[in-house]
Amino acid sequence: MNPKDLKDLNHIHRQMLELEKQATTQGFHPEALSKLQKDLEAFTTHKDLEYRRISEIASHLHPEMSMKHYVSWIIPIERLLRKELRDDEFLVFSQDGSQKSLEKIPLVFVLHNLRSAFNVGSIFRTAECFGVSQIYLCGYTPLPTQNRLAKTAMGTDTLVKWVEAPKITDLLPLLHRDHYNIIALETTSHATALKKDFPNSPTALVLGNERFGLDSEILELCTEVRKIQLRGQKNSLNVGVAAAIAAYEFSRQLGSQ
């Protein structure tokens, strides 16, 4: 892709994303849509067939189209630009705030040495959705003060209480003292199934580094170790996915009591 094509396509992509955002609450503005169509039609005479096809998108855009219809025409632009999108770049929660916040459940997350701001932001979203009481951020786990995490958390970092606790070996004894059942989520040989009944007490779920998991000295400070039972050849899940499964299981059991 030559520099001019790259510049023009990026300009179109930014227009389309901005229009998507505005249309969520205001509908498709005819003037903005017309400008976008003209920029798309500029590719009509391009020597490359793949780029000429981009110009054909213009005829499919109209003020009465659905958002689903519109988004389907953003995708060819993103693929041509080889965009590797994360969900914080396109998810729109038009019904956020339409219900009252859920009552907090007696579950906290302890995140130790997570490297990815995306994963931590995802866990904040999971925590808010399930009513998790608090998140402890240990070791070098990124904080919500970091822009990339705040973007991925999509506002939930302001709705879930969080505490920076640099030394997990200091934190876990304090949680023990406060009568927390501390469960490490780890794929060790002696781990029991996640679906086992949770004790009738506040629970702390400990999740470790995406690559290395939790050290043995940390596991020794936990009440027990549990794992998510899998059927495939791979023996682990993304830490954000694992946190969501564990939060669901805890919430499910709590709701059945």
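A residue is described here as buried when its relative accessible area is under 20%, as exposed when that area is over 50%, and as partly exposed in between. The structure examined is a predicted model, and the descriptions below concern its salt bridges, the packing of its helices and part of its surface.

By the definition above, Asp39 is partly exposed, because its relative accessible area is 22%. The side chain of Asp39 meets that of Lys35 in a salt bridge, with a distance of 3.5 Å from N to O. Lys35, at 44% relative accessibility, likewise counts as partly exposed. Because Lys35 and Asp39 are four residues apart in helix H2, about one helical turn separates them. Such pairs follow a general principle, namely that side chains of opposite charge can pair when their charged atoms come close.

A search of the whole structure finds six salt bridges, among them the pair just described. Another is formed by Glu249 and Arg252, for which the closest N and O atoms are 2.7 Å apart. These two residues, Glu249 and Arg252, are three residues apart in helix H9, so that they too are separated by about one helical turn. Glu249 counts as buried, because its relative accessibility is 9%, whereas Arg252, at 40%, counts as partly exposed. Lys196, Glu224 and Arg226, in turn, are joined into one network by salt bridges that share partners. A salt bridge is also made between the side chains of Arg177 and Asp178, with an N to O distance of 3.6 Å. In this pair Arg177 is exposed, its relative accessible area being 57%, while Asp178, at 39% relative accessibility, counts as partly exposed.

The packing of helix H1 (residues 3–26) may be described through two crossings. The axis of H1 and that of helix H2 (residues 30–41) come within 10 Å and cross at roughly 155 degrees. Since angles over 145 degrees count as roughly antiparallel, H1 and H2 are therefore roughly antiparallel to each other, and their crossing is left-handed. H1 also crosses helix H4 (residues 67–80), at roughly 160 degrees, with the two axes coming within 10 Å. This angle makes H1 roughly antiparallel to H4, and the crossing of H1 and H4 is left-handed.

On the surface, Leu230, Leu237, Val241 and Ile245 make a nonpolar patch of about 280 Å². Of these residues, Leu237 is found in the loop between strand S7 (224–227) and helix H9 (239–256). Leu237 counts as partly exposed, because its relative accessibility is 37%; membership of a patch requires a relative accessible area of over 30% and no salt bridge.

Another loop residue, Lys195, lies between strand S5 (192–193) and strand S6 (203–207). With a relative accessible area of 57%, Lys195 is exposed. Although Lys195 and Ala246 are 51 residues apart in sequence, their C-alpha atoms are 8.7 Å apart in space.

Definitions and conventions. Residues numbered from 1 in each chain as written. Predicted model: local features only at pLDDT ≥ 70, side-chain atom pairs only at ≥ 80, totals over all residues. Heavy atoms only, no water. Patch = residues over 30% accessible without salt bridge, like charges linked within 9 Å, V, L, I, M, F, W, Y side chains within 5 Å. Areas by Shrake-Rupley, 256 points an atom, 1.4 Å probe, with all protein chains shown as cover. Salt bridge = Lys/Arg side-chain N within 4 Å of Asp/Glu carboxyl O. Buried < 20%, exposed > 50% of the residue type's maximum accessible area, 1.4 Å probe, protein only. Axes fitted to C-alpha atoms, helices over the stretch in contact; angles between N-to-C directions. Parallel < 35°, antiparallel > 145°, perpendicular 65-115°, else oblique. Left-handed = near helix turned anticlockwise from the far one by under 90°.
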